[in-house]
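User: Please take me through a close look at one part of this structure, the place where protein meets DNA. I'd like to follow one connected story, starting from a single contact and working outwards.

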Protein chains: 2
Amino acid sequence: MAPPQTGSARVRIAVPSVAERVAEELRYQLAEGMLLPGARLTEATIAEDLGVSRNTVREAFAELASERLVVRQPNRGVFVATLEAGDIHDLYTVRRAIEVSSIRGGGSAERVAAVRAAVDEGKRAAAADDNDALGSANQHFHGAIVALAESKRLDTIMRHVLAEMRLYFHKATSDAHFYSAWLEENEAICAALEAGELERAGELLLGYLNRSEEQQLTVHGE
Amino acid sequence: MAPPQTGSARVRIAVPSVAERVAEELRYQLAEGMLLPGARLTEATIAEDLGVSRNTVREAFAELASERLVVRQPNRGVFVATLEAGDIHDLYTVRRAIEVSSIRGGGSAERVAAVRAAVDEGKRAAAADDNDALGSANQHFHGAIVALAESKRLDTIMRHVLAEMRLYFHKATSDAHFYSAWLEENEAICAALEAGELERAGELLLGYLNRSEEQQLTVHGE
DNA sequence: GATCGAAGAATCGTTGAACAATTCGACAAT
DNA sequence: ATTGTCGAATTGTTCAACGATTCTTCGATC
C-alpha cells in the first residue's frame, strides 16, 4: 500500500485548463512577435478566434498581466506591454540581483553541468550559423545560472523576466557579432563556475549584464 | 489641448475594479490570519459573502494564485497556500538575492532616509511594547532596503514575498527577544548603509537573513 | 476652418444562469 | 478491507444580458 499521503510529490495529471491554454497560446504569439508591443487585444476578437468564451479570455489576460506581458487599462482594454522609460534598466536590475546571487551560491554538479550544456548549445548554434538557436541558447544559459539556486520562485521570476525581454527584443538583436561576444563571455563565466571561483564568476556575469544593458539602451531609444 | 499623449505619467483615477477589491479583501484576511493555510476557499461562498459574482471571485483568485497566496487544484478548488518542504529556504533565497543586491547598490539620500525611518519606527514600536507594530516596522525596513534599487519589479517581488511570509508567520514570531535582536541588527545595517560601507552592509544583511532563516526553520517543522 | 459638444457605436466590467465534468462522501456488495 | 456505485457538491466554461466608459462620427457654433 502507498503511504496515506506522501505529501508533496502529488503528481497531478491535470490537463491544463482552457484558460491556461489560451494564455499559453498568447504567450507564444507574444514571444514570436506576432503581437507587437502596443497592440490591442480585444476580448471578443480573441475569444472568437480561439473558440472560447470571453470570460475565459479574461482569465488568461489576468495571468499575462501578472507577468507584465500585457497591460490592462480599465475600461479600455488590454494592450501588449510597451517599453516605458526605465524598463530596460529595471529588467537588468532584476537580472543582476537574481543571476549574480545565484551564481555566487554555486550549485550541484548537475546544475553546473546544465550551465556547461547551455554554453555548448550556444557554440553549436554559432557553428551552424543559426541566430534563433543562438538566442535560445543564451536564454538557456542564463536560465541555467538561476537554476543553480534551486529555487522555484527565482526560476519563475527569471522565466517572467526572460519572457518580457523576448517580447521587447525579439528581432532587435539579430546582430551577428553581438552573439560572438556573448559566447566567449559565457565560456569564461562557466569556466570560473566550474573551477569554483564563484566570486570571479559573479563579477564576470555582472560585467556582462552591465554591458548588455548598455547595448540595449543604445539600441532602443535610450 | 493637452499634449497628445504625455506617455508614461498617465495618472489613472481608476476606481479599483470589483475583482481587485475582492482580491484586496482576501489579501487582508490572509495577512490577518483569518484564513489559515490549507483552508478551502469556495467560490460560491465567497461570492455570496462579498456580494459579488462567482466570475469576479474567480478573477480575484487568479490574482492571488499568481502571488502564491492561494493554490489552485484543478476541479477541486482553491486553498490557502501551505508551507511545503523547502518553501522557507526558497523564500529566503529570494530575499537574499534581492535585498543584498539592493543594499550593495546603495541608493539616493531619500531612499536611505526611508531605511533610517523604518529603523526608528521599529525603535518606537519596541519602546511602546507594540509587537504588531514591531513586525510591521521590520517589514518596512526590508521593503525600504529593496526600494533603494528603485525598481518597480523588485518592489513588487518583495511585496509578494513579504505577503507570503505574513501568511505563514503571522503569529508564530510573537517572541519578544526575537525582535530586540532585530533592532540592533537593523541599526547596524542602516549605519553601514549611511556610512557608504555598502559591502559591509550587504554582509550584515546577509548574515541577518541566514540567521532569520534558521530561526524560522527551527520554529516551523524543520 | 477649427473647436466644441452631443448622439451613436464599440468595448469593457460585472452579473446571473446554465450545464457538463470532476471530485467527494456515503453506502452497499464482494 | 477493497471495490463499486450513486448522489451531492463544486468547479470549469459558456452564454446572454446590461450599465458604464471610451472612442468615433458628425454637425453646430464661433
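Analyst: Happy to, and let's start with Asn75(B), which has a backbone N or O atom lying 3.4 Å from a phosphate oxygen of DNA strand D. Please keep in mind as we go that this is a predicted model. Chain A also reaches the phosphates of this strand with its backbone. At Val18(A), a backbone N or O atom lies 2.4 Å from a phosphate oxygen of DNA strand D, and at Ser53(A) a polar backbone atom is 3.0 Å from a phosphate oxygen. Behind these contacts, the elements that give two or more residues to the surface near DNA strand D are helix 1 (18-31) and helix 3 (54-66) of chain A, together with strand 1 (40-41) and helix 3 (54-66) of chain B.

Stepping back to the whole surface around this strand, there are 21 residues, and Val18(A), Thr56(A), Arg76(A), Arg54(B) and Arg58(B) come nearest. Sugar and phosphate make up 71% of the atoms of DNA strand D that come within 4 Å of the protein. As for the kinds of residue on the surface near DNA strand D, seven are charged, nine are polar and five are nonpolar.

Now for the other strand. DNA strand C is surrounded by 20 residues, with Arg54(A), Arg58(A), Val18(B), Thr56(B) and Arg76(B) closest. Here 76% of the strand's atoms within 4 Å of the protein belong to sugar or phosphate, and the rest belong to bases. Val18(B) places a polar backbone atom 2.4 Å from a phosphate oxygen of DNA strand C. Two side chains approach bases: a side-chain N or O atom of Arg54(A) is 2.9 Å from a base oxygen of DNA strand C, and a polar side-chain atom of Asn55(B) lies 2.9 Å from a base oxygen of that strand. The elements giving two or more residues to this surface are strand 1 (40-41) and helix 3 of chain A, along with helix 3 of chain B. The surface near DNA strand C divides into four nonpolar, nine polar and seven charged residues.

Residues of both chains come up around each strand, as the closest ones show for DNA strand D and for DNA strand C. That leads naturally to how the two chains meet. The contact takes 31 residues from chain A and 31 residues from chain B. Between them the chains bury about 2,700 Å², with 49% of this on carbon and sulfur atoms. On the chain B side, Glu59(B), Arg68(B) and Arg153(B) supply 24% of the area buried against chain A, more than any other three residues.

Charge pairing is part of this picture too. Side chains of opposite charge can pair when their charged atoms come close. Over all chains, the count comes to 40 salt bridges. Take the pair Asp87(A) and Lys152(B): Asp87(A) lies in helix 4 of chain A and Lys152(B) in helix 7 of chain B, so the pair joins two chains. The closest N and O atoms of this salt bridge are 3.3 Å apart. Between chain B and chain A the count is 10 salt bridges, and 14 residue pairs are in polar contact. Helix 3, strand 2 (70-73), helix 4 (87-104) and helix 7 (152-169) of chain B each supply at least two residues of the side that touches chain A. Helix 4 of chain B gives the largest share, nine residues. This side of chain B comprises 13 charged, 10 nonpolar and eight polar residues.

Finally, a word on confidence. Chain A has a mean pLDDT of 89, and 90% of its residues reach 70 or more. Among its elements, helix 4 (residues 87-104) of chain A has the highest mean pLDDT, 97, and helix 8 (residues 176-194) of chain A the lowest, 86. Residues 1-12 of chain A have pLDDT below 50, and beyond near neighbours in sequence this stretch has five contacts in the model.

Technical notes. Residues are numbered from 1 along each chain as its sequence is written. Chains are lettered from A and ligands numbered from 1 in the order in which they are written. This is a predicted model: local features need pLDDT of at least 70, side-chain atom pairs count only at pLDDT 80 or more; totals for chains, interfaces and linings use all residues. Side-chain values use heavy atoms; hydrogens and water are left out. A residue is near a molecule or strand if one of its heavy atoms lies within 4 Å of it. A polar contact is a pair of N or O atoms within 3.5 Å; within protein, one must be able to donate a hydrogen and the other to accept it, and residues adjacent in sequence count only if both atoms are side-chain atoms. Helices (H or I, at least four residues) and strands (E, at least two) are DSSP runs, numbered from the N terminus. Ala, Val, Leu, Ile, Met, Phe, Trp, Tyr, Cys and Pro count as nonpolar, Asp, Glu, Lys and Arg as charged, and the others, Gly among them, as polar. Contact means heavy atoms within 4.5 Å. Buried area is the accessible area (1.4 Å probe) that two parts lose on being put together, summed over both. A salt bridge is a side-chain nitrogen of Lys or Arg within 4 Å of a carboxyl oxygen of Asp or Glu. pLDDT is the predictor's confidence in each residue, from 0 to 100.
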